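Visitor: I'd love a close look at a single part of this model. Could you pick one strand and show me what surrounds it, then move outward to the rest of the chain?

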Amino acid sequence: MKGNIVEVRFSDNAGWIVRIKVKNVKDLLEQEKKINYTLQYTDEWKGKDIKETDDAYLIYMHLDSVLFTSKDAKNNKEVESGTILGYAGVSGSIASGGKAPHLHMEIATVKDPFTEGRQYRTNAARFVKLNSYDTKDQNEAAKKSHYYKPK
């Protein structure tokens, strides 16, 4: 699956944020079929059913550092599945009681669902298969230059 970076910015509340607009929503829908996720909890939220005619955005937040810049977003830099965008951080309300790095990842049909509303979001578990940690891959990726909080 390919997409274009449309935003890279730092937020005091959410750390580094990277937003990617999916190039071909049909690819995203094919991924959903492969995952075939079923809701696991009685109060779990399914979210919006994305249609092929919708725009779709992958949104990553609470990153400690990123490998892309706002210039990449301005130029709509193309990326594909597997591209390392950045590294998890400890920003946000979930981190206030601990130090565990975490990632907030969501999928929406608008660029900024926080201002537009929850009705544009969907449960990302429907589209994402988590892989186990691969130390060699992570160590190699850490050698690339990345950008930290602006001073």
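Guide: Gladly, and a definition comes first: two strands pair if DSSP finds at least two bridges between them. The strands themselves are DSSP runs of E with at least two residues, while helices are runs of H or I with at least four residues, both numbered from the N terminus. This is a predicted model, in which local features need pLDDT of at least 70 and side-chain atom pairs count only at pLDDT 80 or more, whereas totals for chains, interfaces and linings use all residues. Residues are numbered from 1 along each chain as its sequence is written, and side-chain values use heavy atoms, with hydrogens and water left out.

Let's settle on strand β3, which covers residues 57-66. Of its 10 residues, 9 are buried, so the rest of the structure largely encloses this strand. Here buried means under 20% relative accessible area, exposed means over 50%, and partly exposed lies in between (1.4 Å probe, protein chains only).

What does β3 pair with? Strand β2 runs antiparallel to β3, and 5 bridges join the two. Strand β6 is also antiparallel to β3, again with 5 bridges. Then there is β5, joined to β3 by 3 bridges, likewise in antiparallel fashion. Y57 is a handy place to see two of these pairings: K21 stands opposite Y57, and in β6 the bridge partner of Y57 is A108. For the β5 pairing, look at L63, which stands opposite A88.

Now step across to β6, residues 104-108, where you will find M105. M105 counts as partly exposed because its relative accessibility is 22%. Its C-alpha is 4.6 Å from that of Y60, although 45 residues separate M105 and Y60 in sequence. Setting aside neighbours within four places in sequence, M105 is in contact (heavy atoms within 4.5 Å) with L58, I59, Y60, A124 and V128.

Just along the chain is H102, in the loop between β5 (86-88) and β6. H102 counts as buried because its relative accessible area is 15%. Measuring C-alpha to C-alpha, H102 and V90 are 6.3 Å apart in space and 12 residues apart in sequence.

Let's turn to charged side chains. Side chains of opposite charge can pair when their charged atoms come close. A salt bridge here is a side-chain nitrogen of Lys or Arg within 4 Å of a carboxyl oxygen of Asp or Glu. The whole structure holds 12 of these salt bridges, and E78 is a good one to follow. With K2, E78 forms a salt bridge at 4.0 Å, N to O. This pair links distant parts of the chain, with K2 in strand β1 (residues 2-11) and E78 in strand β4 (residues 78-80), 76 residues apart. Both count as partly exposed, E78 because its relative accessibility is 37% and K2 because its value is 40%.

E78 has another partner in K23, where the closest N and O atoms are 2.3 Å apart. K23 lies in the loop between β2 (15-22) and α1 (25-35), so its pairing with E78 in strand β4 ties together parts 55 residues apart in sequence.

For a local counterpart, try E30 and K33, whose side chains meet in a salt bridge at 3.3 Å, N to O. Because E30 and K33 are 3 residues apart in helix α1, about one helical turn separates them. E30 is partly exposed at 35% relative accessibility, while K33 counts as exposed at 59%. Elsewhere, E7, R9, R19 and D112 are linked in a network of salt bridges.

Finally, zoom out. The chain has 4 helices and 7 strands, in the order β-β-α-β-α-β-β-β-α-β-α along the sequence. Buried residues make up 39% of its 151 residues. Among contacts with a separation of 6 or more, 69% come from residues 24 or more positions apart. The chain exposes about 9,700 Å², with carbon and sulfur atoms supplying 47% of it; such areas come from the Shrake-Rupley method with a 1.4 Å probe, and for residues only the protein chains shown count as cover.
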